[in-house]
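The exercises below are to be worked with the sequence and the three-dimensional structure at hand. Please attempt each task before reading its solution.

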Amino acid sequence: MADPATHSTVKLRSISPCFLVEDVVKTAEYYRDVLGFQFDRYWGEPPCFVILLRDSVEISLSNPGVCSPRSNRNVHADAPWDAYVWVDDLAALLEEVRSKGAKIIRGPENTFYDTREIEIEDCNGYVICFGHDTSG
């Protein structure tokens, strides 16, 4: 554990994973229509970058030219997920995304580390785990 006396006073606020995708527009529309994210613009012509936002969660999508989606599970079959998102009400989220056709590949399930989780595979094979703290 780091010595608190040497810990920086700079506070980290959030993290924004960047997923490499073949079709930025198709993927952004999936995240909007199925997972409830919003975006206000694409960058590039043809579109090669977008920032998606839902509440305080941000995900970037990029196609830098010659790429293909590369989920952690494509790199190693036992990789758990590509991003983890904490939620306040997992049951409500599950109902919302299930009604929109999300591909739920695990859960809801209680874990040994005091969370209740679902995993959703997006239209490119990326896996996002949504978890709710059950530790009380």
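Five exercises with worked solutions follow.

The structure is a predicted model, in which local features need pLDDT of at least 70 and side-chain atom pairs count only at pLDDT 80 or more, while totals for chains, interfaces and linings use all residues. Residues are numbered from 1 along each chain as its sequence is written, and side-chain values use heavy atoms, with hydrogens and water left out.

**Exercise 1. The sheet**

Task: Determine the order of the strands in the open sheet of four strands, and state which strands lie at its edges.

Solution.
Step 1. Strands (E, at least two residues) and helices (H or I, at least four) are DSSP runs, numbered from the N terminus. Two strands pair if DSSP finds at least two bridges between them.
Step 2. Strand 1, residues 18–20, pairs with strand 4 in the parallel sense over three bridges. Within this pairing, Cys-18 has Ser-60 of strand 4 as its bridge partner.
Step 3. Strand 3, residues 49–54, pairs with strand 4 in the antiparallel sense over six bridges. Here Leu-53 stands opposite Glu-58, and Arg-54 has Val-57 as its bridge partner.
Step 4. The order of the open sheet is 1-4-3-2, and its pairing is mixed. The edge strands are strand 1 and strand 2 (42–43), each of which pairs on one side only.

**Exercise 2. The turn and positive phi values**

Task: Describe the connection between strand 3 and strand 4, and examine Asp-55 and Asp-114.

Solution.
Step 1. Strand 3 and strand 4 form a hairpin with two residues between them.
Step 2. Asp-55 is in the loop between these strands, and its phi is near 55°, a positive value in a residue other than glycine. Asp-55 counts as exposed because its relative accessibility is 70%; the classes are buried under 20% relative accessible area, exposed over 50% and partly exposed in between (1.4 Å probe, protein chains only).
Step 3. Asp-114 also is not a glycine and has a positive phi, of about 65°. Asp-114 is found in the loop between strand 6 and strand 7 (115–121) and, at 41% relative accessibility, counts as partly exposed.
Step 4. As background, most residues other than glycine have a negative phi, and most peptide bonds are trans.

**Exercise 3. Cis peptide bonds**

Task: Locate the cis peptide bonds that precede Pro-46 and Pro-108.

Solution.
Step 1. Glu-45 and Pro-46 are joined by a cis peptide bond with omega of about 0°. Pro-46 lies in the loop between strand 2 and strand 3.
Step 2. Gly-107 and Pro-108 are joined by a cis peptide bond with omega of about 10°. Pro-108 belongs to strand 6, residues 103–110.

**Exercise 4. Aromatic pairs**

Task: Classify the ring pair of Tyr-31 and Phe-37 and that of Trp-43 and Phe-49.

Solution.
Step 1. Rings of Phe, Tyr and Trp (its six-membered ring) pair if their centres lie within 6.5 Å; planes under 30 degrees apart count as stacked, over 60 as edge-to-face and the rest as tilted. The structure holds eight aromatic pairs.
Step 2. The ring centres of Tyr-31 and Phe-37 are 5.7 Å apart and the planes are at 70°, so this pair is edge-to-face. Both residues are buried, and ring pairs link Tyr-30, Tyr-31 and Phe-37 into a cluster.
Step 3. The ring centres of Trp-43 and Phe-49 are 5.6 Å apart and the planes are at 55°, so this pair is tilted. Trp-43 is partly exposed at 29% relative accessibility, and Phe-49 is partly exposed at 25%.

**Exercise 5. The largest pocket**

Task: State the volume of the largest pocket and identify what lines this pocket.

Solution.
Step 1. On a 1 Å grid over the protein atoms alone, a pocket is an open set of points where a 1.4 Å probe fits, with protein on both sides within 12 Å along at least five of seven lines; lining residues have an atom within 4 Å of a point. Grid points are joined across faces, edges and corners, and a volume is the space filled by probe spheres set on the points.
Step 2. The largest pocket holds about 460 Å³ of space.
Step 3. Its lining comprises 22 residues, of which Arg-54, Ser-56, Val-57, Val-85 and Trp-86 lie nearest the centre.
Step 4. Strand 4 (57–62), strand 5 (83–86) and helix 3 (90–99) each supply at least two lining residues. Strand 5 gives the most, with four residues.
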